[in-house]
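Reader: I would like a close look at the strands of this model, at the rings packed around them, and at how these parts are placed with respect to the nucleic acid. Please state the cut-off behind each term as you go.

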There are 2 protein chains.
Amino acid sequence: MIPSQMLKGTLEGCVLAILRQEERYGYEISQTLERYGFGRIPEGTVYPLLLRLEKRGSIIASFRASPEGPQRKYYALTELGQKELAEFFRNYRELTGAVDQLIEMTGGHSHAQEDEAAVGGE
Amino acid sequence: MIPSQMLKGTLEGCVLAILRQEERYGYEISQTLERYGFGRIPEGTVYPLLLRLEKRGSIIASFRASPEGPQRKYYALTELGQKELAEFFRNYRELTGAVDQLIEMTGGHSHAQEDEAAVGGE
DNA sequence: TCCGCTATCTTGTTTTGCAAGGTAGGTGTC
DNA sequence: GACACCTACCTTGCAAAACAAGATAGCGGA
């Protein structure tokens, strides 16, 4: 399980990335994140995040009926959202670049699983 | 500049990684992080983080004189700290694995700079 | 004496993930 | 009709952590 602190800042960019190609609604996004390996991201996280993005103007919403259950609120990227997504990519690369360099300099480990196997856990 | 929200949780693991091979003191760690590409990490961030780790038992401190200025507080990893470092590696890989997969599935981009160049900025 | 560098720590603010819980539509079962 | 369950949305309040700002202190030089 990815610790919640480590998701901070990253989740927002990931939601923008999910909306990059097609409109999606909150409930769907929550499930999509889980499929990508983020673990269960509860609605109490996703909806406030979406409302924040909407208020800021990064995404726009439109209600549409659902074949099962209540209306769905579909979100789409605005131009601002696309710029923010591009900036997220840059920041994410900057972060992983720094961390990967640090890991390598301080004793390797960046993407292999040598001695970790012995520690076990999870 | 990496946004501070994106550093949350990650910084702690990075400090553990820095202490992996040799003892270091706070002021030094702050400068080391900058050299690795994290940008300026102010003392108001580093010292509380170190105190937190010390209280938790992840690191132990020992004062030693400095050739210039006041005493230095050197930190070293404990066994707990080493386990936490190993867990940080796992979590970091899990996070980057999920994000990289998401980025790739939603339109590539993982580590190239194609269309972003046109957006400009920074 | 005062400034600047080294070196430590504290207080309070802000952001954000999440637990918990509430509202509501639709379908099925008793 | 009453109830349960899934879908689908939202809100309130808490906790963790980065950081701005500022305090303290040793040491050297102008």
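Author: **The sheet and its surroundings**

In chain B, 3 strands make an open sheet with the order β1-β3-β2 and antiparallel pairing, where a strand is a DSSP run of E with at least two residues, a helix is a run of H or I with at least four, and both are numbered from the N terminus; two strands pair if DSSP finds at least two bridges between them. The edges are taken by β1 and β2 (59-64) of chain B, each of which has a single partner strand, so one side of each is left without a neighbour in the sheet. This is a predicted model, in which local features need pLDDT of at least 70 and side-chain atom pairs count only at pLDDT 80 or more, while totals for chains, interfaces and linings use all residues. Residues are numbered from 1 along each chain as its sequence is written, chains are lettered from A and ligands numbered from 1 in the order in which they are written, and side-chain values use heavy atoms, with hydrogens and water left out.

Strands β2(B) and β3(B) are joined in the antiparallel sense over 6 bridges, and within this pairing Ser62(B) has Tyr74(B) of β3(B) as its bridge partner. Tyr74(B) also takes part in an aromatic arrangement. Over all chains, a search of the whole structure finds 6 aromatic pairs, a pair being two rings of Phe, Tyr or Trp (its six-membered ring) with centres within 6.5 Å, counted as stacked if the planes are under 30 degrees apart, edge-to-face if over 60, and tilted for the rest. Tyr25(B) and Tyr74(B) make an edge-to-face pair, with 5.2 Å from centre to centre and 70° between the planes. Because Tyr25(B) lies in strand β1 (residues 24-25) of chain B and Tyr74(B) in strand β3 of chain B, the pair ties together parts that are 49 residues apart in sequence. Tyr25(B) counts as buried at 15% relative accessibility, and Tyr74(B) is buried with a relative accessible area of 12%; buried means under 20% relative accessible area, exposed over 50%, and partly exposed in between, with a 1.4 Å probe and protein chains only.

Elsewhere in chain B, Phe88(B) and Phe89(B) form a tilted aromatic pair, 6.1 Å centre to centre with 45° between the planes. Phe88(B) is buried at 5% relative accessibility, as is Phe89(B) at 2%. In chain A, one aromatic cluster is formed by Phe88(A), Phe89(A) and Tyr92(A).

A charge is also placed over the ring of Tyr74(B): the charged end of Arg64(B) sits there, 4.1 Å from the ring centre, the criterion being that NZ of Lys or CZ of Arg is within 6 Å of the ring centre and within 35 degrees of the ring normal. In chain A, the charged end of Arg64(A) sits over the ring of Tyr74(A), again 4.1 Å from its centre.

Chain A has an open sheet of 3 strands in the order β1-β3-β2, paired in the antiparallel sense, and its edge strands, β1 (24-25) and β2 (59-64) of chain A, each pair on one side only. There, β1(A) and β3(A) pair over 2 antiparallel bridges, with Arg24(A) standing opposite Tyr75(A) in β3(A).

Turning to the nucleic acid, 29 residues surround DNA strand C, and the closest are Lys8(A), Gly44(A), Tyr27(B), Tyr47(B) and Arg72(B); a residue is near a strand if one of its heavy atoms lies within 4 Å of it. A polar side-chain atom of Tyr47(B) lies 2.4 Å from a phosphate oxygen of DNA strand C, and a backbone N or O atom of Tyr27(B) lies 2.7 Å from a phosphate oxygen of that strand. The elements that give two or more residues to the surface near DNA strand C include β3 (72-77) of chain B, while α4(B) gives the most, with 5 residues.

For DNA strand D, 30 residues surround the strand, with Tyr27(A), Tyr47(A), Arg72(A), Lys73(A) and Gly44(B) the closest. Among the elements that each supply at least two residues of the surface near DNA strand D is β3 (72-77) of chain A, whereas the largest share, 5 residues, comes from α4(A). Of the atoms of DNA strand D within 4 Å of the protein, 71% belong to sugar or phosphate and the rest to bases, and a polar side-chain atom of Tyr47(A) lies 2.6 Å from a phosphate oxygen of DNA strand D.

Notes
Polar contact = N/O pair within 3.5 Å; in protein donor to acceptor, adjacent residues only side chain to side chain.
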